[in-house]
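Got the viewer open and a selection box ready? Let's take a walk through this one, stop by stop.

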Amino acid sequence: MKIVEMPKKEQGIITLSEKEQKKFEKDKKKEERKRRWTLLKAKLLKGKLSPEDTRTIQVHKDVQGNFRNYYISNRYLQDSSAYTAVNSILEDYENHRFVYRGFIQGADNAIGVLEANVPLSEIVASPNGNVLLQKILSEENATRVCNQYYEAIREKLEPLKNHTTYFGKPDFVLGTILADKKGQYTYSESIGPDIEERLQQEREQDKREESMRDKASVVMDLGQGMVVSEQDCWLEQGNGIQFAGVNKDALYYQYVPKQPIQTEDNKYVYVGKVQIGQPTKINQQAGEPIQFVRPDTYENVVLWTEGENLVQYFLNKKFAGLNFVLGENFTNYDIKNAEKGSEQEMYLGGLTIDENGECKMVQNIPESVKKAVEEYLEQKGNEQGRDTNIIDFKAKKDDGR
């Protein structure tokens, strides 16, 4: 997803004549009355707001055509209460937990994390929930809560260098919305401890990645862990052939799989270890010990190729987008969020060639690939099990038995 920093509001760019201003205020009051009537009618009839309603916060499509932007579309009633580029962190219908993150215009485009016991779609459909959400997202509330959180985690309140808004700064906790059975909504500024811990881990991970970043591969540094990287890939000699490169986060990666498994439908399946980043050290302030940072490693990462094996892709397809495809996928985020199998293997994706002769990654896992991985891991487990059953006669002799 391409993220573009939203500029601050510029005051006085559009000026209205006295006559135009009076007409605008008159039309605005009409729209406000209609909005109050819409909310009142929905409350009295215990109904839901229409997703097409323009006077209340509803979800709208983003530039990619996905419904992820929440705001009031009516031009007379629009304010800073906007929640855009919204993604779900957690959607647990069984335990009634829903956690979202997105840009909050009222908090100067910082990313806010919101928890609820009902889906966001249900909140905006409810007249009570909609009114409460607008208050929560308002500039007054969002700015206050954001600044409080940044002060608590010792984050500076100024924008990042070369930025005009809070774009790029750490995510902050906006709070929690709770709905009861009567359709009443309440709000608190706290969030579940597991989500708070996750945010802290993400901040620490950002610092780790920053320390391991290959500075020579950084084309543009956007701040707070966001970079534009010169992605690359190559073959390395080690214990067999290893696949390496620089990913979109300007981090070194290395993939060390076992021998490929060829399937009947002409796919080559790899299962191996991935390393993201290189060992480095952080020089702390005077008097503090040097901190050593180890790369992130992942076992049993699955990658498969279509038609040719991975070595052939590296030799023949490097300049057909292979460096970008691998750089986009061999990241900590994508590996952690990859689909997991029965043995917790992580399916990163499959390499194939599109109609234009360019490399692309597919996420749908063919049954032939799943079968090959399952058989490989089962065989690997059996071999390890046999090893643990070997009796060490020398050890028994040394024990005097």
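Start by selecting K318, which is partly exposed because its relative accessible area is 22%. This is a predicted model, by the way, so read each stop as a computed value. Now add D232 to the selection: the side chains of D232 and K318 meet in a salt bridge, at 3.2 Å from N to O. The pair ties together distant parts of the chain, with D232 in strand 10 (residues 232–238) and K318 in the loop between helix 6 (310–316) and helix 7 (322–329), 86 residues apart. Like its partner K318, D232 is partly exposed; the relative accessible area of D232 is 28%.

**More salt bridges**

How many salt bridges does a search of the whole structure find? The count is 18. For another one, pick R208 and D296, whose side chains meet in a salt bridge of 3.0 Å, N to O. Here too distant parts of the chain are linked: R208 sits in helix 5 (residues 193–212), D296 sits in strand 17, and 88 residues separate them. Is each end buried or partly exposed? R208 counts as partly exposed because its relative accessibility is 21%. D296, at 12%, is buried, since the cut-off for buried is under 20%.

Next, select K267 and D265. Their side chains form a salt bridge as well, again given as 3.0 Å from N to O. K267 is buried, with a relative accessible area of 9%, whereas D265 counts as partly exposed at 33%. While you have salt bridges in mind, select R101, D171, R198 and E202 together: salt bridges that share partners join these four into one network.

**Strand 17 once more**

Go back to strand 17, which covers residues 296–306, and click on T305. T305 counts as buried, at 0% relative accessibility. What does its side chain have for company? Show the backbone of E308: its oxygen lies 2.5 Å from a polar atom of the T305 side chain.

**Helix 3 and its cap**

Now colour helix 3, residues 127–137. This helix is mostly covered, with eight of its eleven residues buried. To see which ones, select P127, G129, N130, L132, L133, Q134, I136 and L137. Then add S126, which caps the N-terminal end of helix 3. Draw a distance from its side-chain oxygen to the backbone nitrogen of N128 and you should get 3.3 Å.

**Out on the surface**

Switch on a surface view and select K26, K29, K30, R33 and R36. These residues gather in a patch of positive charge. K26 is found in helix 1 (residues 18–44), and K26 counts as exposed because its relative accessibility is 54%, with the cut-off for exposed at over 50%.

Then try W37, L40, L44 and L45. Together they make a nonpolar surface patch of about 490 Å². L45 is found in the loop between helix 1 and strand 1 (58–61). At 66% relative accessibility, L45 counts as exposed.

For the opposite charge, select E343, E367, E374, E375 and E378, which form a negative surface patch. E374 has its place in helix 9 (residues 367–388). Is E374 buried, partly exposed or exposed? With 42% relative accessibility, E374 counts as partly exposed.

**Two backbone oddities**

Last, turn to the backbone. Most residues other than glycine have a negative phi. Select A85 in strand 3 (residues 83–92) and check its phi: the value is near 50°, which is positive in a residue other than glycine. A85 counts as buried, at 15% relative accessibility.

Now jump to D108, in the loop between strand 4 (97–104) and strand 5 (110–116). D108 also has a positive phi, of about 60°, although it is not a glycine. Unlike A85, which is buried, D108 is partly exposed, with a relative accessible area of 22%. Leave D108 selected if you like, and that's the end of the tour.

Key:
Residues are numbered from 1 along each chain as its sequence is written. This is a predicted model: local features need pLDDT of at least 70, side-chain atom pairs count only at pLDDT 80 or more; totals for chains, interfaces and linings use all residues. Side-chain values use heavy atoms; hydrogens and water are left out. Patches are made of residues with over 30% relative accessible area and no salt bridge: like charges are joined within 9 Å, nonpolar side chains (Val, Leu, Ile, Met, Phe, Trp, Tyr) within 5 Å. Accessible areas come from the Shrake-Rupley method with a 1.4 Å probe; for residues, only the protein chains shown count as cover. Lys and Arg count as positive and Asp and Glu as negative; His and the chain ends are not counted. The place of a charge is taken as NZ of Lys, CZ of Arg, CG of Asp or CD of Glu. Helices (H or I, at least four residues) and strands (E, at least two) are DSSP runs, numbered from the N terminus. Buried means under 20% relative accessible area, exposed over 50%, partly exposed in between (1.4 Å probe, protein chains only). A polar contact is a pair of N or O atoms within 3.5 Å; within protein, one must be able to donate a hydrogen and the other to accept it, and residues adjacent in sequence count only if both atoms are side-chain atoms.
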